[in-house]
Amino acid sequence: MSNSSAYSAGSIPGPYRPVGGPDDTSDDGPGSGPAPVRARKSEGDGGQRRKLDYPPLPEPLPVPVIDNHTHLDFSDGLVEVSLRAALDAAEAAGVAGVVQVGSDLESSRFTVKAVDADPRILGAVALHPNDAPKLAAEGSLEEALQEIEQLAAHPRIRAIGETGLDYFRTPQEGIERQRYSFRRHLDIAKRLGLALQIHDRDAHDDVVATVLEEGAPERVVLHCFSGDAALARICNENGWYMSFAGTVTFKNAGNLREALAIADPSLILAETDSPFLTPHPYRGQPNASYVVPYTVRAMAEVLGADLEELCGRIRANSTAVYGSWD
Ligand SMILES: [Zn+2]
């Protein structure tokens, strides 16, 4: 699997270097999994140019962890990387497995193919809160939810997500539909005995209220945890998992570090949300699961924790939520 020229700390992993280089492995042959179904825009949110190089491979983690939220269905940068190459690079960095997350029908179908293609992948399927109001307005939400439930029956789909509430992009009239879709996803997770991965953007109070009103599934994860110490306390009380992304390394994210500092250690997870949310100092560049160690090292620093111990925790917590990858 890993060879020293494709994977050496301090240089961009071979498969992530632009095509045509000496370590070009873009022709991975059959069996390397489904190809990405969409591409991330090459401009930032404000339309500005962003750097399209991937970050260098970090020093591998001493104990392998799990990236519990990635979007392998998205390509980014100047290369297309096969599933197998992405997981090989992750493994070389001490990231033993991932949860591939679908956020619409197409990416959820991709997720089911992905979990069949590589044993290092488990999956989550759902309709994103930003899409639910559109589907409802078109009259196709019920049919889409039905397909999500069918896809979720696959034994390697272990979570319903990402679902939740996003008040950042949704106009007022879409919010009721978004809440309805969230409640339906909660219900599917409970009936199928799956974990729930929540997307919460500018909607902490309503996310908490909705989960408590409906009754929480056994395992709840706040993906890309974006709250403060007060929300972390609510998660501690309810036994909800807090998954920290590259955002915890951002200079202006003191609130996230305060939350992490008081989070119950048995509820801490790590993720990339790749190709988005690349940790400092690579913010804005493409992200991938092999980049997780930058975030985990920053977390260990915030916690004043032994790195090996924290990695072991994250691994054990990930298995407690999603079951075994084997
Ligand atoms: Zn995501």
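Q: Which residues does Gly-164 touch, once residues up to four places away in sequence are not counted?
A: Gly-164 touches Pro-129, Phe-182, Ile-198, His-199, Asp-200 and Val-207, where two residues are in contact if their C-beta atoms, placed from the backbone, lie within 7 Å. The model is a predicted one, in which local features need pLDDT of at least 70 and side-chain atom pairs count only at pLDDT 80 or more, whereas totals for chains, interfaces and linings use all residues. Residues are numbered from 1 along each chain as its sequence is written.

Q: What makes Gly-164 count as buried?
A: A residue is buried if 20 or more other C-beta atoms lie within 10 Å of its own, exposed if 12 or fewer, and partly exposed in between, the C-beta atoms being placed from the backbone. Gly-164 has 28 C-beta neighbours inside 10 Å, and therefore counts as buried. Gly-164 lies in strand 6, where strands (E, at least two residues) and helices (H or I, at least four) are DSSP runs numbered from the N terminus.

Q: How far apart in space are Gly-164 and Asp-205?
A: From C-alpha to C-alpha they are 12 Å apart, with their positions 41 residues apart in sequence.

Q: What makes strand 5 (residues 121-125) a mostly covered strand?
A: Five of its five residues are buried. Ile-121, Gly-123 and Val-125 point one way and Leu-122 and Ala-124 the other way, and buried residues are thus found in both directions.

Q: How do you know which strands pair with strand 5, and in what sense do they run?
A: Two strands pair if DSSP finds at least two bridges between them. Strand 4 (residues 95-101) is joined to strand 5 by four bridges, and strand 6 (residues 157-166) by three, and both pairs run parallel. Gln-100 has Gly-123 as its bridge partner in strand 5, while Val-125 stands opposite Ile-160 in strand 6.

Q: Why is a β-α-β crossover called right-handed or left-handed, and which description fits the passage from strand 8 (residues 220-222) to strand 9 (residues 241-244)?
A: A crossover is right-handed if, with the strands pointing away from the viewer, the path from the first strand over the helix to the second runs clockwise. Strands 8 and 9 pair in the parallel sense over two bridges, with Val-221 opposite Tyr-241 in strand 9. The chain passes between these strands through helix 7 (residues 229-238), and this crossover is right-handed.

Q: What is the handedness of the crossover from strand 9 to strand 10 (residues 268-270)?
A: Strand 9 and strand 10 pair in the parallel sense over three bridges, and Phe-244 stands opposite Ala-270. The chain crosses between them through helix 8 (residues 254-262), and this crossover is also right-handed.

Q: How do you know what span to expect for helix 10 (residues 307-322), and what is found?
A: The expected span of a helix is 1.5 Å times one less than its number of residues. For the 16 residues of helix 10 this should give 22 Å, and the end C-alpha atoms are 23 Å apart, which agrees.

Q: Where around the axis of helix 10 do its buried residues lie?
A: The buried residues are Leu-310, Cys-311, Arg-313, Ile-314, Asn-317, Ser-318, Val-321 and Tyr-322. They cover an arc of only 155° around the axis (the arc of the directions from the helix axis to the C-beta atoms), which puts them on the same side of helix 10. An α-helix has 3.6 residues a turn, so residues three or four places apart point the same way. Glu-308 and Ala-316, on the other side of helix 10, are exposed.

Q: What makes Ser-318 buried, and which residues is it in contact with?
A: Ser-318 has 28 other C-beta atoms within 10 Å, and is therefore buried. Apart from its neighbours within four places in sequence, Ser-318 is in contact with Ile-66, Asn-68 and Leu-269.

Q: How many helices and strands does the protein have, and why is it called as compact as a globular protein of its length?
A: The protein has ten helices and ten strands. Its radius of gyration is 19 Å, close to the 20 Å that the globule rule gives for 326 residues, so the protein is as compact as a globular protein of that length. The radius is taken over C-alpha atoms, and the globule rule is 2.2 Å times the number of residues to the power 0.38.
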